[in-house]
Amino acid sequence: MAAAGAAAEVAARSPGAPAGTAARARRPPPARPARLLPPLLVLLAAAAGPGAGGAARLYRAGEDAVWVLDSGSVRGATANSSTAWLVQFYSSWCGHCIGYAPTWRALAGDVRDWAAAVRVAALDCAEEKNHEVCRAYDIHFYPTFRYFKAFTKDFTTGENFKGPDRELQTVRHTMIDFLQNHTDRRRPPACPSLDPIRPSDVLSLIDNHDGRYVAILFESNSSYVGREVILDLIPYENIVVKRALSADKAFLDKLGVPSVPSCYLIYPNGSHGLANVAKPLRSFFSSYLKSLPDVRKKSLSLPEKPSEEENSEIVVWREFDRSKLYTADLESGLHYLLRVELAAHKALAGAELNTLKDFVTVAAKISGIFLTSHIKWVGCQGSRPELRGYTCSLWKLFHTLTVEAAAHPEALDDTGFEGDPQAVLQAIRRYVHTFFGCKECGEHFEEMARESMDSVKTPDQAVLWLWKKHNQVNNRLAGHLSEDPKFPKVPWPTPDLCPACHEEIKGLDSWNEGQVLLFLKGHYGSSNLVDTYSADLGDASEGGAPAEGQDGERGRDPPEKPRGAQGAESLRPPSVLPPRPRRLEGSHRALSLKLESLRGAVGRREAGAAAPFLGMGFSSLDMSLCVVLYVASSLFLMVMYFFFRVRSKRWKVRHRHPSV
């Protein structure tokens with residue numbers, strides 16, 4: 001039996017095995033004796049392989065950037081499509097396909113912004129329902145890569161991939177070549193022209209600006225950087241990207257272009273000049289252009305806009321610096337967490353109460369922020385009230401907790417968490433799983449935690465684990481209706497914020513995790529916190545608008561104002577905001593007071609009484625007045641008690657002695 005099973009496994013994994021072998025083997029001959037049926041079923045189950053039942057798919061729809069096709073969708077997707085397609089026909093039992101899957105996923109994620117022009121897809125020929133369609137497309141070996149041109153009306157099996165290797169950069173370049181092979185009439189409508197423009201065209205663009213940014217990538221004839229950046233900017237509006245070749249040296253000297261590749265930028269107001277990009281790499285050029293003021297993702301299909309009466313709220317746009325961390329965001333997030341989200345739970349007991357106590361303990365000991373009484377987003381502002389806000393601030397709070405725990409592990413002394421590198425992550429994990437209002441989001445976070453949180457062995461690894469998972473979530477939600485077009489979900493930190501964090505390895509933008517760790521510790525460290533708009537500054541209005549004459553007054557621009565007030569010459573704005581003063585111990589007491597009320601609660605009744613206390617929002621002045629009134633009322637009661645006691649004794653003495 002063992003030999004039969006081994007033989008079946010070898011047959012199932014052999015690249016030369018016909019695609020329909022597993023399907024045919026699943027039908028046992030009816031004439032076989034009944035006593036042979038059980039071992040035969042075991043043999044056939046092994047021969048069918050993991051892909052036959054769809055249990056071991058290499059790509060998951062909705063989680064990977066790869067478009068997952070099957071027999072019911074491949075023809076509809078590729079026939080007369082407004083986009084081109086690159087489809088990998090693979091088999092889930094094929095060892096090479098399994099090994100290549102990470103590269104294919106990385107490719108799909110790398111060219112996600114190209115989806116309106118060309119899409120990266122995959123179809124599993126090992127699935128029984130796909131056997132017929134794989135035969136129709138003449139698939140004999142795995143993996144097989146086929147291109148399908150846009151607007152192809154007649155059925156075609158596609159064009160075979162032609163490249164020296166299957167490295168990510170090679171495939172990406174052949175995708176560009178394939179797009180350029182389209183005729184102008186059949187080119188995907190969303191795909192801009194990828195051909196270089198002439199020097200006379202450059203001068204014409206400079207003289208006839210139309211109120212949009214125009215970026216011109218000067219490069220050598222063999223370079224693909226310009227075409228890659230053009231495709232990267234397809235989903236963005238208010239910018240046009242062109243490419244020009246570097247053959248005319250005199251023309252380059254006239255424009256002040258010292259080397260290639262370089263980006264020459266024409267601004268909406270007609271001014272123009274060389275863009276200051278940290279590294280001459282595709283990822284840096286694309287990130288720079290996406291971050292320009294008024295450059296944003298094109299609007300997605302959204303529900304019908306409400307009437308003006310329903311949307312009459314006045315939005316005050318607060319100016320902020322993307323390189324800073326704002327205390328107001330952390331305070332607002334903590335306020336919403338404790339007083340809004342937690343308030344949905346009428347009573348807490350047992351594991352729920354312990355989860356809350358652990359999270360508040362960590363927040364009180366590490367964060368050192370005030371529990372404010374209102375919400376005021378700054379770095380977490382959205383272009384519409386329902387975008388960003390709380391979820392943005394929650395991620396910032398979580399990152400701050402992991403960074404502060406790594407920088408000051410002694411803060412957790414005498415809490416029961418000392419010496420545990422996963423303490424903060426586990427507290428966050430339990431809170432999200434128990435209290436976070438988005439159930440599906442909580443389930444996704446729990447799934448990520450189950451997969452890899454146990455691998456965290458040091459506080460630094462905890463910082464990096466949360467960063468990786470945050471980027472994973474951003475990748476999954478990119479293009480979702482919840483994405484703010486003004487703040488697209490991209491891998492973070494972007495090259496303009498941390499040039500040293502980014503490297504290019506085999507044409508793919510890669511992370512230098514050592515530099516990322518240094519950046520995270522600096523960005524979420526206490527020295528980078530800015531108190532502008534913070535609760536402890538005593539704003540004149542509840543809405544948090546800064547007082548007249550403050551720097552923040554310039555933040556009263558509408559949401560269309562560029563984020564961070566970035567100037568035309570430089571992507572990063574000047575750091576005009578004041579440094580954050582050192583917090584006093586009172587900031588810890590603000591949260592510790594709430595914590596003490598929770599520590600004394602040991603049941604539903606006590607927890608139910610503790611929850612309203614979190615919503616009172618008493619300041620230190622309020623508490624002082626309460627103490628003074630309490631002492632005064634106590635003294636008054638004592639005086640009244642002794643007064644009536646003495647008077648009662650005098651009355652008794654007078655009536656006890658008879659008159660003579």
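Asp138 counts as partly exposed, at 42% relative accessibility. This residue lies in the loop between helix 6 and strand 4. Asp138 is not a glycine, yet its phi is positive, about 60°. All of this refers to a predicted model.

Phe151 also belongs in this account. Its phi is near 60°, a positive value in a residue other than glycine. Phe151 sits in the loop between strand 4 and strand 5 (159–160). The relative accessible area of Phe151 is 24%, so it is partly exposed, because that class begins where buried, under 20%, ends.

Next come the cis peptide bonds.

| Peptide bond | Omega | Place of the proline |
|---|---|---|
| Tyr142 to Pro143, cis | near -10° | Pro143: loop between helix 6 (131–136) and strand 4 (144–148) |
| Val260 to Pro261, cis | about 0° | Pro261: loop between helix 10 (249–255) and strand 9 (262–266) |

The loop between helix 6 and strand 4 thus appears twice here: it holds Asp138, and it holds Pro143.

Now the helix packing. Helix 5 (residues 95–110) packs against helix 7 (residues 168–180). Their axes are 10 Å apart, and the angle is about 45°. That angle makes helix 5 oblique to helix 7. The crossing of the two helices is right-handed.

Which residues of helix 5 and helix 7 meet? Helix 5 brings Tyr100, Thr103, Trp104, Ala106, Leu107 and Asp110. Helix 7 brings Leu168, Val171, Arg172 and Met175. By class, this contact has seven nonpolar, one polar and two charged residues.

Definitions and conventions
Residues numbered from 1 in each chain as written. Predicted model: local features only at pLDDT ≥ 70, side-chain atom pairs only at ≥ 80, totals over all residues. Heavy atoms only, no water. Axes fitted to C-alpha atoms, helices over the stretch in contact; angles between N-to-C directions. Helix = DSSP H or I, 4+ residues; strand = E, 2+ residues; numbered from the N terminus. Parallel < 35°, antiparallel > 145°, perpendicular 65-115°, else oblique. Left-handed = near helix turned anticlockwise from the far one by under 90°. Contact = heavy atoms within 4.5 Å. Nonpolar A, V, L, I, M, F, W, Y, C, P; charged D, E, K, R; others polar. Buried < 20%, exposed > 50% of the residue type's maximum accessible area, 1.4 Å probe, protein only.
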